[in-house]
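Open the model in your viewer and keep the selection panel at hand. This tour goes stop by stop, from sheets to salt bridges, cores and cysteines.

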Amino acid sequence: MSGTAHTAEGEKILIVDDDPGLSSLLERFFNSKGYRARAVPNTEQMDRLLGREVFNLVVLDLMLPGEDGLTACKRLRSANNQIPIIMLTAKGDELSRIKGLELGADDYLAKPFNPDELIEMQAKDGEAYVLVRAETSADDIRGINAAVGILTTRGGITSHAAVVARGMGKCCVVGASAIDIHEDQDEFIVGNRIVTKGEWITIDGTTGEVMLGKLPTTRPQLSSEFQELMLWSDLVKQMGVMTNADTAADS
């Protein structure tokens, strides 16, 4: 969990929406807040701008003429473009929101909305969060997607948090039963230590350790022994195995 300072000065936002009234409103609103905003009506023009300029955020509407927002999001992530993306969706379109997050969007916002909500989402860019829950459910997909790690007090290797984290490539520690979570007070307790929202913690997905403070971390890598085992398997295998993928990056 963490908190960092944030400034809007000079940051560039690209708005992709075919509603000229909404696009113009958002463009003026962001510019009034110190951002540098540009609005385009389709993903073709979006691609041209992204090829020429560097943006800090893309606000991408789901329903667009030609290529829709979901397809564009998947294409950007498949090309390893990690620019933050906030999807705009129709109110109550829950399936599309979940699909957008699975395809790599960083957050979503249902229309109609208060433009200040977009400012709040943009302010989160660059921060790192660990989602702490007694256990997770499908309702937590937005938080899981935004978090760099997940910590739960219940569950095992087949629990919701563990399964989703593996599919999304996120660090996860489950079954930390020594932790007493008080969600209504945004804190958890371990022994006589109270950890509140905004404090740094570090989790180790291999050992299951939960440590106070911001410690240096490394991304997991496949060992040379694993690579050697897979090479042996390829040499003696007699059939191929098809697998499914939960995210665009895995496909």
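How many bridges join strand S3 to strand S4, and do the two run parallel or antiparallel? Select residues 57-61 for S3 and 85-90 for S4. The answer is 4 bridges, with the strands running parallel. Keep in mind that this is a predicted model.

**Stop 1: the parallel sheet**

Stay on that strand pair and pick Asp-61. Across from Asp-61, in S4, stands Leu-88. Now widen the selection to the whole sheet. It is open, has 5 strands and pairs in parallel. Read across, the order is S2-S1-S3-S4-S5. Go to the edges next: S2 at 36-40 and S5 at 107-111. Each has a single partner strand, so one side of each lacks a neighbour in the sheet. Look along the strands for the twist. Neighbours in this sheet are turned by 20 degrees against each other on average, direction ignored.

**Stop 2: helices across the sheet**

Select H1, residues 20-32. This helix lies across S1 (12-16), S2, S4 and S5. Against S2, H1 runs at about 170 degrees. Then select H3, residues 69-78. H3 lies across S3 and S4, at about 165 degrees to S4.

**Stop 3: salt bridges**

Show charged side chains. The count of salt bridges comes to 9. Three of them are worth a stop.

Begin with Glu-53 and Lys-12. Their closest N and O atoms are 2.5 Å apart. Glu-53 sits in the loop between H2 (43-52) and S3, and Lys-12 in strand S1, so the pair ties together parts that are 41 residues apart in sequence. Which of the two is buried? Lys-12 is, at 12% relative accessibility. Glu-53 is partly exposed, at 22%.

Move to helix H2 and select Arg-48 with Glu-44. Their side chains meet in a salt bridge, 3.5 Å from N to O. The two residues are 4 apart in H2, about one helical turn. Arg-48 is partly exposed, with a relative accessible area of 44%. Glu-44 counts as exposed, at 53%.

Next, select Arg-77 and Asp-106. This salt bridge has its closest N and O atoms 2.9 Å apart. Arg-77 belongs to helix H3, while Asp-106 lies in the loop between H4 (94-102) and S5. The pair links distant parts of the chain, 29 residues apart. Arg-77 is buried, at 10% relative accessibility. Asp-106 is partly exposed, at 33%.

Before leaving, add Arg-38 to Lys-12 and Glu-53. Salt bridges that share partners join these three residues into one network.

**Stop 4: the nonpolar cores**

Hide the charges and look inside. Nonpolar side chains tend to be buried together in soluble globular proteins. The largest nonpolar core here holds 23 residues. Which members touch the most others? Select Leu-14, Met-46, Val-58, Leu-60, Ile-85 and Met-87. At least two residues of this core come from each of S1, H2, S3, H3 and S4. H3 supplies the largest share, 4 residues.

Now isolate Leu-14 and show its contacts. Neighbours within four places in sequence are left aside. Its partners include Arg-38, Val-40, Met-46, Leu-49 and Leu-50. Phe-55, Leu-57, Val-58 and Val-59 are also in contact with Leu-14.

Another core lies apart from the largest one and has 12 residues. Among them are Ile-13, Phe-30, Tyr-35 and Ala-37.

**Stop 5: the antiparallel sheet**

Jump along the chain to S9, S10 and S11. These 3 strands form an open sheet in the order S9-S10-S11, with antiparallel pairing. The edge strands are S9 (180-182) and S11 (193-196), each pairing on one side only. The twist averages 20 degrees from one strand to the next. Zoom in on S10, residues 187-190. S10 pairs with S11 over 4 bridges in the antiparallel sense. Within that pairing, select Phe-188. Opposite Phe-188 stands Val-195 in S11.

**Last stop: the cysteines**

How many disulfides does a search of the whole structure find? The result is 0. Select Cys-172 and look for the nearest cysteine sulfur. That of Cys-171 is 7.4 Å away, and Cys-172 is in no disulfide. Cys-172 counts as buried, at 16% relative accessibility. Finish on Cys-73, which is buried with a relative accessible area of 0%.

Notes. Residues are numbered from 1 along each chain as its sequence is written. This is a predicted model: local features need pLDDT of at least 70, side-chain atom pairs count only at pLDDT 80 or more; totals for chains, interfaces and linings use all residues. Side-chain values use heavy atoms; hydrogens and water are left out. Two strands pair if DSSP finds at least two bridges between them. Axes are lines fitted to C-alpha atoms, for helices over the stretch in contact, and angles run from 0 to 180 degrees between N-to-C directions. Contact means heavy atoms within 4.5 Å. A salt bridge is a side-chain nitrogen of Lys or Arg within 4 Å of a carboxyl oxygen of Asp or Glu. Buried means under 20% relative accessible area, exposed over 50%, partly exposed in between (1.4 Å probe, protein chains only). A nonpolar core is a set of buried Ala, Val, Leu, Ile, Met, Phe, Trp, Tyr and Cys residues joined through side-chain atoms within 4.5 Å. A disulfide is a pair of cysteine sulfur atoms within 2.5 Å.
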